[in-house]
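Could you walk me through this model in my viewer, one selection at a time? I would like to know what to pick next and what I will find there.

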Amino acid sequence: MATVEQLPHAHNGIAHVGEEIAVENPATGQTAGTVPDLGAAAVADMARRGRLAQPAWEAYGFEGRGRILSRAQKWLMDNSAQVIETIVSETGKTFEDASLAEISYAGNAFGFWAKNAPEYLADERVKSGQLLVKGKKLTLRYRPLGLIGVIGPWNYPLTNSFGDCIPALAAGNSVILKPSEVTPLTSLLMAEGLRECGLPEDVLQIATGRGETGAALVEEVDMIMFTGSTRTGRKVAEAAAKRLIPASLELGGKDPMIVLSDADLERAANFATYYAMQNAGQTCISIERVYVEAPAYDEFVAKVSDKVRALRVGQPQGPGSVEVGAITFPPQLETIEAHVADAIDKGARVLTGGHAVSGGAGRFYEPTVLVDVDHTMQCMTEETFGPTLPIMKVADAEEAVRLANDSPYGLGASVFSRDVARGEQIARRLEVGAANVNDAMINYTVLELPMGGAKASGLGSRHGAGGIRKYCSQQAIVVTPKLALKREPHMYPYKRRTSRLLAGVFKFLYGRGKRD
Ligand code: NDP
């Protein structure tokens, strides 16, 4: 795999003072590359350069920026093999998880934002009932904030780190991306690809480094887009509040799935298996816990156990080789083991899996199904972020809704029922940013819909109109026509007659309602 030295311009021309970070391939234990650990001074220098580059980038206009993003879409497809290889090398995920959940996302996103940015950010002509502005031209304008900081996690280096840069760039901002220290190589490769596509120097820079680099970035930018854990998200929010800059936070989750007794159990079991184990469970909106109505419980559990038992786990060797790849982040394996051990201690049964895969240099965990679980167990209340699926029997839909909402998190949820109207009614009662009926996670691929979390899962959202407007400030523009009064009636000098007249007008306009 390419080291940073093999990726020209990967250092962004900035001298770094810190040590190098070695990037591990979690599936093999080998080093996939090295990147510089940039300190606060380097980040400040990047910020200065990003600010210098931004006005010219904004002046490209939607068409000019869209052209470069469209080229980048083509570049990504032409170079998808290399990008997949890079993603796999630093995450240990399967070829399919890289291709389906990352390449297809970014490919779509480049085209989507190139096409939709002009409409989402178009000037809006506003009408007003306010008397004093009659005859004036009122416009709401979206103006790029300037320099955006994007901080990303390690689970989807293309989708979740790089993906949020695309609308920020489309809006006319310059961007500094701080990828996770665990998975920085994909971001460097993408930045190189964008340069090849004509993105001007310093409009997108990659600040490789650890948490401190991220903290330094928050101190420099005009807005921060953060994806990661709720714990770090709070720190970022505090730092942003001190600087009075906006922060958009996409944080952790504990997504529930509710299976009603009338559900298509074969479909529900396939979805539970796939969306719990996909990306080895290291997805913010993966199915993390299941509530099944009692009459359907035994059949559902049997189906899921059989399907999970059949999954192959191990080092990905190209397409079709394994279903479940590596655990990317070393401490995550400890969390998974701790949650399973805690559940067993408190009376849960393991139907399949339940152990880390021993032997070999890679880091893997067996796809695991847990039953006899309840909310005293960490596996039902805390984010596990691994290939585990705890399934709980509930008396009815009411109990399922109560337990689904019994969580500090509120990212996504799924409801399975053949009665889709009832499924939707239940979905509307769940305290989550997105609820899928007879589906799961699919909302993430719909770039027209907002994706964001309720409760401790975040603030703000990505995608949709709000997902690009957040990278802009709203500017109100009021233009008075050339032929206007020299002095408007409410101005100095105050005169008894005009003041009374205006008071009468206000009464006429606003005083005709009733008080009951
Ligand atoms: P972390 O919160 O540990 O890290 C996220 C990013 O923040 C990393 O780049 C990290 O750098 C950086 N960072 C660490 N400390 C600071 C700081 N003080 N200031 C600024 N940045 C800092 O999350 P993980 O990488 O472990 O990602 C997993 C989490 O992300 C899970 O909780 C998951 O649910 C969530 N997530 C949420 C998504 C959503 O859309 N809601 C999508 C994907 C994941 P470094 O890695 O170098 O320490």
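Start by selecting G209 together with the ligand: a polar backbone atom of G209 is 3.4 Å from an oxygen atom of the ligand. Keep in mind as you go that this is a predicted model.

Next, add S180 to the selection. An N or O atom in its side chain sits 3.0 Å from an oxygen atom of the ligand. Then pick W154, where a polar side-chain atom lies 2.8 Å from a ligand oxygen atom. How much of the ligand does the protein bury? On its own the ligand exposes 910 Å², and the protein buries 90% of that.

Now widen the view to everything around the ligand. You should find 32 residues surrounding it, and the closest are G152, K178, E181, S229 and E383.

K178 is a handy stepping stone, since your next selection is strand β6, residues 174-178. Is this strand buried or exposed? It is mostly covered, with 5 of its 5 residues buried. Colour the two faces separately and you will see S174, I176 and K178 on one side, with V175 and L177 on the other, all of them buried.

Stay on β6 and bring in its partners. Strand β5 (residues 147-151) pairs with β6 in the parallel sense over 5 bridges. Strand β7 (residues 204-206) also pairs with β6 in the parallel sense, over 3 bridges. Centre on I176 to see both pairings: I176 is the bridge partner of G149, and I176 also stands opposite Q205 in β7.

For the next stop, move to another part of the chain and select the strands of an open sheet. Here 7 strands run in the order β12-β13-β14-β11-β10-β16-β17, with mixed pairing. Look at the two ends: β12 (349-352) and β17 (434-437) are the edge strands, and each has a single partner strand, so one side of each is left without a neighbour in the sheet. If you look along the sheet, the twist from one strand to the next averages 25°.

Zoom in on β10 (residues 255-259) and β16 (residues 412-416) within this sheet. These two strands pair in the parallel sense over 3 bridges. Label V259 and F416 to see one match, as F416 in β16 is the bridge partner of V259.

Finish by showing helix α14, residues 397-405. Which strands does α14 lie across? The helix crosses β10, β11 (287-293) and β14 (388-394), and it runs at about 160° to β11.

Conventions. Residues are numbered from 1 along each chain as its sequence is written. This is a predicted model: local features need pLDDT of at least 70, side-chain atom pairs count only at pLDDT 80 or more; totals for chains, interfaces and linings use all residues. Side-chain values use heavy atoms; hydrogens and water are left out. Two strands pair if DSSP finds at least two bridges between them. Helices (H or I, at least four residues) and strands (E, at least two) are DSSP runs, numbered from the N terminus. Axes are lines fitted to C-alpha atoms, for helices over the stretch in contact, and angles run from 0 to 180 degrees between N-to-C directions. Contact means heavy atoms within 4.5 Å. A residue is near a molecule or strand if one of its heavy atoms lies within 4 Å of it. A polar contact is a pair of N or O atoms within 3.5 Å; within protein, one must be able to donate a hydrogen and the other to accept it, and residues adjacent in sequence count only if both atoms are side-chain atoms. Accessible areas come from the Shrake-Rupley method with a 1.4 Å probe; for residues, only the protein chains shown count as cover. Buried means under 20% relative accessible area, exposed over 50%, partly exposed in between (1.4 Å probe, protein chains only).
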